[in-house]
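Here is a friendly walk through two ligand sites and two residues. Please keep the viewer open as you read.

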Amino acid sequence: MFKGLKPIIYGGREVWPVIEGGKGVSATNHASSGAWAAAGGIGTVSAVNADSYDENGNVVPQIYHGRTRGDRHQELIRYAIDGGVEQVRRAYEIAGGQGAININVLWEMGGAQPILHGILEQTRGMVAGVTCGAGMPYKLSEIAAQYNVNYLPIVSSARAFRALWKRAYHKYADLMAAVVYEDPWLAGGHNGLSNAEDPRVPQDPYPRVAALRETMRAEGVSESVQIVMAGGVWYLRDWENWIDNPELGAISFQFGTRPLLTQESPIPQGWKDELTKIAPGDVLLHKFSPTGFYSSAVRNPFLRSLEARSQRQIPFSTEMAGEHTAQLDCGVKGKNFWVTPTDLQHARRWDAQGFTTALKTPDNTLVFCTPEERAEIRKDQTDCMGCLSHCAFSAWKDHDNFSTGYLADPRSFCIQKALQNIAHGEDVDKNLMFAGHAAYNFGTDPFYSNGFVPTVKQLVDRILTGD
Ligand SMILES: Cc1cc2nc3c(=O)[nH]c(=O)nc-3n(C[C@H](O)[C@H](O)[C@H](O)COP(=O)(O)O)c2cc1C
Ligand code: SF4
């Protein structure tokens, strides 16, 4: 056992302070989280569009029949509730009374509240807590209280925590079991960088977590409430001075990327094969997600194509004005596109390279695409099933008039499609591969040498040694 590491009381029993971070879509499920709990830790079922199964045990493909986005959104909610309930039931069984099972939702996912109610209603007594980030989930505490489960907000700064606490969480203090600090420069998946923070200038997590504890103390939050450090955690020996440290108080550790490579990890073999090839610097913190949040993923051909598309971008005016003195003669129909003379040359070059069609963005710019890319963008936008509360890519909104009021943004992509695809065995090069910035350790950590893939139990045991 690593020095100073002690079990904590959570969900009414002793568990190790090591947590499997929830990963959507279907990158943590019953198999991984049940095994993590069985190994004595806290496993997290992803309740983000989780898989359900038919009577033969095969994954039910999430196919949508509704003619409008609103109808498909309702289908999505039903799939999500069915899937979440099924995953929790199976995980609970695998856990066999050991450890604890949490569920994870994204606050900005479409239908987050009905999905959370639907799952918690049908899994009473099985879920120890709900982890939730991506947005400001003020209502999380109230919903958790209705089902008497713990809630564990995921924040990336002391300031975000203070706002949540002051407005809502102080009313349900006893159910707030932990506050997850997810480091916005290190963690895989969506990242909570604020406007004041520079994605290129990472900050040391220690003073940020110390500030979080200071804020919690100032607000009167009990010392028994854990802070969960998430993002870039690989070897606990690197975090030695965080354990038993009075300044930080009770601390647990969350692992998101490392548990991707286990026997029970539900991700397809093709994705697992890529993990050991990730080199330092291959994970990109970027802003292509249609949620509008930053996120971290492997810079694979899919991400590179989004980067390249955004680079083939020029501002325009609808009339001659300022420096926009040249009339665009490629990529667009009509004469009302004025650009700078230099950009006209860029546009002509892209056109000659096959990027013959220009799409408008909400920022009064044009991006140049091939006709095939354009067709795919339009099809994905048309097929939208409303998986987010606000989607920059399709302009979908899950309430009021169902539109964000902004132009659909062709620089983004359908994250629902890209994550469902990669989780269900489609080409890893053409879809989104979320990963944390410590993922290169797969290639250097001797634990994985000679292609060794641990069981979850072997991984948890290894983590508990400090390695
Ligand atoms: C593939 C992948 C998917 C993720 N999906 C989610 C998610 O749906 N919800 C969430 O709150 N966090 C998500 N995360 C974040 C993890 O739960 C965890 O906090 C994070 O990965 C920790 O940092 P690490 O990647 O450095 O271990 C995801 C991370 C990865 C790598
Ligand atoms: S277009 Fe946006 S809201 Fe619609 S399914 Fe795709 S990611 Fe979700």
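The report below takes the ligands in turn, along with two buried residues.

This is a predicted model, in which local features need pLDDT of at least 70, side-chain atom pairs count only at pLDDT 80 or more, and totals for chains, interfaces and linings use all residues. Residues are numbered from 1 along each chain as its sequence is written, chains are lettered from A and ligands numbered from 1 in the order in which they are written, and side-chain values use heavy atoms, with hydrogens and water left out.

**Ligand 2 and Q416**

Let us begin with ligand 2, whose surroundings include C384, C387, C391, C414 and Q416; a residue is near a molecule if one of its heavy atoms lies within 4 Å of it. The shell is made up of 9 nonpolar and 3 polar residues, with no charged ones. Here Ala, Val, Leu, Ile, Met, Phe, Trp, Tyr, Cys and Pro count as nonpolar, Asp, Glu, Lys and Arg as charged, and the others, Gly among them, as polar.

Q416 belongs to helix 11, which spans residues 415–423 (helices are DSSP runs of H or I, at least four residues, numbered from the N terminus). Is Q416 buried or exposed? Q416 counts as buried because its relative accessibility is 5%, where buried means under 20% relative accessible area, exposed over 50% and partly exposed in between, with a 1.4 Å probe and protein chains only. Beyond its neighbours within four places in sequence, Q416 is in contact (heavy atoms within 4.5 Å) with N49, M385 and C387.

**H30 in helix 1**

H30 sits in helix 1, residues 30–38. H30 is buried because its relative accessible area is 12%. Not counting residues up to four places away in sequence, H30 touches A35, Y53, Q87, R90, A91 and I94.

**Ligand 1 and the polar contacts**

Of the 22 residues around ligand 1, those that come nearest are N104, E182, G232, Q254 and T257. The table gathers side-chain polar contacts within the protein; a polar contact is a pair of N or O atoms within 3.5 Å, and within protein one must be able to donate a hydrogen and the other to accept it, while residues adjacent in sequence count only if both atoms are side-chain atoms.

| Side chains | Distance |
|---|---|
| H30 and Y53 | 3.5 Å |
| H30 and Q87 | 2.6 Å |
| Q416 and N49 | 3.1 Å |

For ligand 1, an oxygen atom is 2.8 Å from a polar backbone atom of G22, and an oxygen atom lies 3.3 Å from a backbone N or O atom of G231.

Methods:
Helix = DSSP H or I, 4+ residues; strand = E, 2+ residues; numbered from the N terminus.
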